[in-house]
Amino acid sequence: MTKMFDSGIDPYFLNVLGERFNLLDMIQSTEFDQDPKLLVGRLQHTIKPRFDNHDRYIIVMFETDYYWHGHGICLNNIFEIWRHLNIPFYTLILYTNNLGLEHEVQELCQDLHANDRPTIIETFINPLNYQPKHYQDCVPNLDHITHHAICLMAGAKRPHRYATWTALKDIDTDRLIMSIKANAK
Amino acid sequence: MKLLSITPWTRVNDDFLDGSIDYQEPDLDVSHPLLQQDCGPDVWKTQNYFYQHVALDIVSESVFHYPYPLITEKTLRPIANQRMFIIIGAAGTLGALQRKGFMTWGDIIDETYDTLTEPRARFKSVMTAIQDFCRRDLTEVKQYLEQNQYRLTHNLRNLRDLRQRELDQLIKKLDQ
């Protein structure tokens, strides 16, 4: 049952959910965050006139949402679509590394019956982040420390990374190892 | 149906910078010579070669001005490599790690920054914490780490065991 889905959720979590629920679909927020109508189209493949108590959709939110006046736009779109398609909210499982999303969801669910609310799983464990085969028990090697710190900023172009680089660039390179990726000009 | 779209979708909320924080975009990729020589292909592996040269990882997380802690592989990297960390990320990130059983470094690094929700104040506070740490005598830092090796080991084991703990919690929640 659980093999039909692509990665995005840790396989152990997926097995626990697959053992308890009839998983109708698993959708990553990045598949529709720029065009929420894609989620509508996706749900229409599996929507039922009447859902079973064990039916569930998993939405994986391992990306940042865009906040506008204190509301996450992607999250609000999910709720708006669920309401528009008249899908019970108990069918929704949000699997997310936004550690605090449950509080925001509770605010959006105030008008819902206690038995018709989404399940929120807040964790930073997913197949990309979590590599337990590498977490071998060994004594920390402290003998070769030659520098105080390292700062790797080779990810996406973000203002906080450039501000960090600006603030720290004058620290002696014998103390701080720094790397930042910029757009070539 | 009132769907909201933003084009282009930026996935960031980093509009916190103002004139009070200096901000320059580097012209070219900047990389320390040690990284160019020694950076192995697998930064996940414990005791990765370049991590052995440093005491602390300054983690630049995916988001800074954001309503929740958002923890990615960037934060897990120093834990897997048994090193201390400072996190340039959303307020409360260290608190979230502590609630998941990780030990942080508040007795050698001023971690006040994690409690500051105002982004400019938090940014200045975390930069001060980094600069203060880098001014310390390296011998003193190494002595501190030797005395606190157990914390590095604890964090690695906590990371290794975290999935099973979270699965147990999830099963308990679902079976209620």
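**Chain A: sheet, domains and contact with chain B**

In strand E6 of chain A, the residue that serves as bridge partner of A:Tyr95 is A:Ile121. The model is predicted, and in it four bridges join strand E5 (residues 92-96) of chain A to E6(A), the two strands running parallel. The points below go from this sheet to the chain as a whole and then to its contact with chain B.

**The open sheet of chain A**

- E5(A) and E6(A) belong to an open sheet of four strands, which follow one another in the order E1-E2-E5-E6 (chain A) with parallel pairing.
- Strand E1 (22-28) and strand E6 (119-122) of chain A each have a single partner strand and stand at the edges, so one side of each is left without a neighbour in the sheet.
- On average, and with direction ignored, neighbouring strands of this sheet are turned by 20° against each other.

**Chain A as a whole**

- Chain A holds five helices and eight strands, and their succession along the sequence gives the pattern α-β-α-β-β-β-α-β-α-β-β-α-β.
- The radius of gyration of chain A is 21 Å, whereas the globule rule gives 16 Å for 185 residues; the value for the chain is well over this, and chain A is therefore more spread out than a compact globule.
- The C-alpha trace of chain A spans about 65 × 40 × 30 Å along its principal axes.
- Chain A is divided into domain 1 (2-122) and domain 2 (149-180), and the centres of these two domains of chain A, taken over C-alpha atoms, are separated by 36 Å.
- Of the 185 residues of chain A, 37% count as buried.
- When contacts in chain A between residues at least 6 apart in sequence are considered, 69% of them join residues at least 24 apart.

**The contact between chains A and B**

- Chain A brings 73 residues to the contact and chain B brings 80 residues.
- On the side of chain A that touches chain B, two or more residues are given by each of helix H1 (11-20), helix H3 (73-84), strand E7 (147-153), helix H5 (159-168) and strand E8 (176-180) of chain A.
- H5(A) provides the largest share of that side of chain A, with ten residues.
- Sorted by class, the side of chain A that touches chain B comprises 37 nonpolar, 24 polar and twelve charged residues.
- Strand pairing also crosses between the chains, since three bridges join E7(A) to strand E2 (residues 54-60) of chain B, and these strands run parallel.
- Within this pairing, A:Ala149 has B:Leu56 as its bridge partner in E2(B).

Conventions. Residues numbered from 1 in each chain as written. Chains lettered and ligands numbered in written order. Predicted model: local features only at pLDDT ≥ 70, side-chain atom pairs only at ≥ 80, totals over all residues. Contact = placed C-beta atoms within 7 Å. Nonpolar A, V, L, I, M, F, W, Y, C, P; charged D, E, K, R; others polar. Pairing = 2+ DSSP bridges. Domains from an automatic or database assignment. Axes fitted to C-alpha atoms, helices over the stretch in contact; angles between N-to-C directions. Rg over C-alpha atoms; globule rule 2.2 N^0.38 Å. Buried ≥ 20, exposed ≤ 12 C-beta atoms within 10 Å, placed from the backbone.
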